[in-house]
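Subject: Structure for you to look at

Hi,

Here is the structure I promised to pass on. Have a look at it first, then read my notes below.

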Amino acid sequence: MVDPLFADPALASWYDALSPTDERGDFGFYLPRVMSARSVLDVGCGTGSLLGLAREAGHRGRLLGLDPGAGMLEQARRRPEPDIEWIAGDLESTSWEREFDFVVMTGHAFQALLGDDELRAALAAVRAALTDDGRFGFETRNPLARAWESWTTVAPVDVPAPGGEGSAPLRMTRQVRSVDGDIVFFRTGLTLPGEHAPRHSDSTLRFLGADRLDAFLAEAGLVVEERYGDWERGPLTDVSPEIITVARRTPA
Ligand SMILES: C[S@@+](CC[C@H](N)C(=O)[O-])C[C@H]1O[C@@H](n2cnc3c(N)ncnc32)[C@H](O)[C@@H]1O
């Protein structure tokens, strides 16, 4: 089930304000790779910011965003030009054969793949969708850095409205509810301007370690070509915040 944060149009309309593009380190890493690929599949594309930026930067090839969150896709479809394909669903509801030079998952969308079988099916679908020379780029938070330990808010956080000054902010709280092995459960409370009670979104994310991740990739016929621990392309260490991977099909 998709989190209300991504399914509810009212909440999804705040996603870009919660995660502003100019404060993100990941798009600087992925955008050049999107630009140099003829055809791109963005899995868990959310509000479609990365593909929108690519089009605005002059990408002329096929750009396709896939997401199961109705609210997020509603935001993506607000783009005035009909020059990006937006598809509702996930990798298990679709099948492409050697159609994309670059498949990407940003914003830790990869961590929404929870069970081993779900992960295997998703990676098999990614491999099938890649052209022979294609690449799969994605990141997952490094479990050794234990990011969730600082996620619970001590006081509500006010998020400025996308409209800017004069508009009422969104009020956000977050509480990590439990950790079970490499699975973290947390609840986000979002009080919209004009509302008096928060809307809640319960989320579950998997924090897969690098060794297990690489075993799943190898099993799916994908080999790690590049690996970094942060968006400045530093090496992966025990304290790195991210496990950033660029993989390709294992040579036959
Ligand atoms: C944190 S948002 C990231 C959105 C976007 N990629 C970005 O970087 O801004 C995670 C996205 O993953 C999507 N998602 C959730 N489960 C998914 C799944 N099984 N497969 C693909 N996407 C999924 C959500 O709907 C949501 O839009």
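Let's start at the ligand: how far is an oxygen atom of the ligand from an N or O atom in the side chain of Tyr15? The distance is 3.0 Å. Keep in mind that this is a predicted model, so every distance here is computed from that prediction.

Tyr15 has company around the ligand. There are 19 residues around it, and those that come nearest are Tyr15, Arg24, Gly44, Asp67 and Thr106. With Gly44, the backbone does the work of meeting the ligand: a polar backbone atom of Gly44 is 2.6 Å from a nitrogen atom of the ligand. Gly107 also offers a polar backbone atom, this one 3.3 Å from an oxygen atom of the ligand.

Now zoom out to the whole chain. The domain assignment splits the protein chain into domain 1, which covers 4–143 + 208–249, and domain 2, which covers 145–205. Notice that domain 1 is written as two stretches of the sequence. The C-alpha centres of the two domains are 23 Å apart.

How many residues of each domain are in contact with the other? On the domain 1 side there are 21, and on the domain 2 side 24. Together the domains bury about 1,600 Å² between them, with 71% of that on carbon and sulfur atoms. Three residues stand out here: Leu11, Trp14 and Leu114 supply 34% of the area that domain 1 buries against domain 2, more than any other three residues.

There are polar links across this interface too. The rule finds 5 residue pairs in polar contact there. On the domain 1 side, the elements that give two or more residues are α1 (4–7), α2 (9–12) and α3 (15–18). Sorted by class, that side has 13 nonpolar, 4 polar and 4 charged residues. The rule also finds 1 salt bridge across the interface. Elsewhere in your viewer, look up Arg199 and Asp8, whose side chains meet in a salt bridge at 2.9 Å, N to O.

In case salt bridges are new to you, side chains of opposite charge can pair when their charged atoms come close. A search of the whole structure finds 26 of them. One is between Arg55 and Asp83, with the closest N and O atoms 3.7 Å apart. Arg55 sits in helix α5 (residues 49–56) and Asp83 in the loop between α6 (70–76) and β3 (85–88), so this pair ties together parts that are 28 residues apart in sequence.

Cheers

Conventions:
Residues numbered from 1 in each chain as written. Predicted model: local features only at pLDDT ≥ 70, side-chain atom pairs only at ≥ 80, totals over all residues. Heavy atoms only, no water. Domains from an automatic or database assignment. Contact = heavy atoms within 4.5 Å. Buried area = accessible area lost by both parts, 1.4 Å probe. Salt bridge = Lys/Arg side-chain N within 4 Å of Asp/Glu carboxyl O. Polar contact = N/O pair within 3.5 Å; in protein donor to acceptor, adjacent residues only side chain to side chain. Helix = DSSP H or I, 4+ residues; strand = E, 2+ residues; numbered from the N terminus. Nonpolar A, V, L, I, M, F, W, Y, C, P; charged D, E, K, R; others polar. Near = heavy atom within 4 Å.
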